[in-house]
Amino acid sequence: MFFKKAKKAINNLWYPQSVTWGKAVTTREVADELSVLSTATRGDTYAVMENLGRVLSNYMGQGRTVKIDGVGTFYYTASSTKKGVKTAAEVNASLINGVRVRFIPEVERNSGNLVTSRSMVNTKIVWEEWRGATTGSSADDGQGGNPSDGGLDENPLG
């Protein structure tokens, strides 16, 4: 894994920021790797995805992104301690206290660069108002839901 020193404008402090390198790993590369691990042909590996998590973990552990055609892109991000540091020289790996897997679903865009569809997002979703929590209270009411704003940030991968 790799990180870079990044100064945040909001508080003028320095933090470690995860960095990926090289081209995203393709579906073909993942299928080839699964083929080696499972002794099945590349075509068979699509039906034998038991090793997918291990392969994704291996590539992402090298600091790379993994892009699966028709699915999207997976990558790691590092979270750091809440205490930033004042200078870039003070930034080091010991400030990293966690790793998260991030996912960006594949999108199709029209000629105006507007998103026309997102893979893995069902177009027949029925939306209902969340009634498990009232304004100002915790969203976790023990009913097994985790509401979020559902917002998608800009693609940090470009």
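Biologist: Which elements do the buried residues of α3 pack against?
Modeller: This is a predicted model. In it, the buried residues of helix α3, which spans residues 52–61, are Leu52, Val55, Leu56, Tyr59 and Met60. Seen down the axis of α3, these residues fall within an arc of 125 degrees, so they line one face of the helix. The elements against which the buried residues of α3 pack are α1 (27–38), β3 (66–68), β4 (72–80) and β5 (96–105).

Biologist: At what angle do α1 and α3 pack, and how far apart are their axes?
Modeller: Two packed helices are described by the angle between their axes and the distance between the axes. For α1 and α3, the angle is about 120 degrees and the axes are 10 Å apart.

Biologist: Is α1 parallel or oblique to α3?
Modeller: The packing angle of α1 and α3 is about 120 degrees. Angles of 65 to 115 degrees count as roughly perpendicular and those over 145 as roughly antiparallel, so an angle outside these ranges and not under 35 is oblique. That makes the relation of α1 to α3 oblique.

Biologist: Is the crossing of α1 and α3 left-handed or right-handed, and which residues of α3 make the contact?
Modeller: The crossing in which α1 passes α3 is right-handed. From α1, the contact is made by Glu29, Val30, Glu33, Leu34 and Leu37. From α3, the residues are Leu52, Arg54, Val55 and Tyr59.

Biologist: How many residues of each class does the contact of α1 with α3 have?
Modeller: The contact includes Leu34 and Leu37 of α1 as well as Glu29 and Glu33. Leu counts as nonpolar and Glu as charged. By class, the contact of α1 with α3 has no polar residues, 3 charged and 6 nonpolar.

Biologist: Is Met60 buried or exposed, and how far is its C-alpha atom from that of Tyr76?
Modeller: Met60 is found in helix α3. Its relative accessible area is 4%, and buried means under 20%, so Met60 is buried. Met60 and Tyr76 are 16 residues apart along the chain, and their C-alpha atoms are separated by 6.3 Å.

Biologist: Which residue just after α3 takes a positive phi?
Modeller: The phi in question is about 90 degrees. The residue that takes this value just after α3 is Gly63.

Biologist: Which residues have a positive phi although they are not glycines?
Modeller: One of them lies in the loop between β1 (2–8) and β2, and is partly exposed with a relative accessible area of 49%. Another is found in the loop between α1 and α2, and is exposed at 76%. Each has a phi of about 60 degrees, and they are Asn12 and Thr39.

Biologist: Is Tyr75 buried or exposed, and how far is it from Val101?
Modeller: Tyr75 is found in strand β4. At 9% relative accessibility, Tyr75 counts as buried. Tyr75 and Val101 are 26 residues apart in sequence, and the C-alpha to C-alpha distance is 5.6 Å.

Biologist: Which residues does Ser18 touch, not counting those up to four places away in sequence?
Modeller: Ser18 lies in strand β2, residues 13–19. Its relative accessibility is 18%, so Ser18 counts as buried. Leaving out residues up to four places away in sequence, Ser18 touches Phe2, Phe3, Tyr76, Thr77 and Ala78.

Biologist: Where is Asp69, and which residues does it touch beyond four places away in sequence?
Modeller: Asp69 sits in the loop between β3 and β4. Asp69 and Thr26 are 43 residues apart in sequence, yet their C-alpha atoms are 7.2 Å apart in space. Not counting residues up to four places away in sequence, Asp69 touches Thr27 and Glu106.

Biologist: How far apart are the C-alpha atoms of Asp44 and Ala31?
Modeller: Asp44 is placed in helix α2, residues 42–45. With a relative accessible area of 40%, Asp44 is partly exposed. Asp44 and Ala31 are 13 residues apart along the chain, and their C-alpha atoms are separated by 8.9 Å.

Biologist: What pattern does the protein follow along the sequence?
Modeller: The protein has 3 helices and 7 strands. Of its 158 residues, 25% count as buried. Read along the sequence, the pattern is β-β-α-α-α-β-β-β-β-β.

Conventions: Residues numbered from 1 in each chain as written. Predicted model: local features only at pLDDT ≥ 70, side-chain atom pairs only at ≥ 80, totals over all residues. Heavy atoms only, no water. Buried < 20%, exposed > 50% of the residue type's maximum accessible area, 1.4 Å probe, protein only. Helix = DSSP H or I, 4+ residues; strand = E, 2+ residues; numbered from the N terminus. Arc of directions from axis to C-beta. Contact = heavy atoms within 4.5 Å. Axes fitted to C-alpha atoms, helices over the stretch in contact; angles between N-to-C directions. Left-handed = near helix turned anticlockwise from the far one by under 90°.
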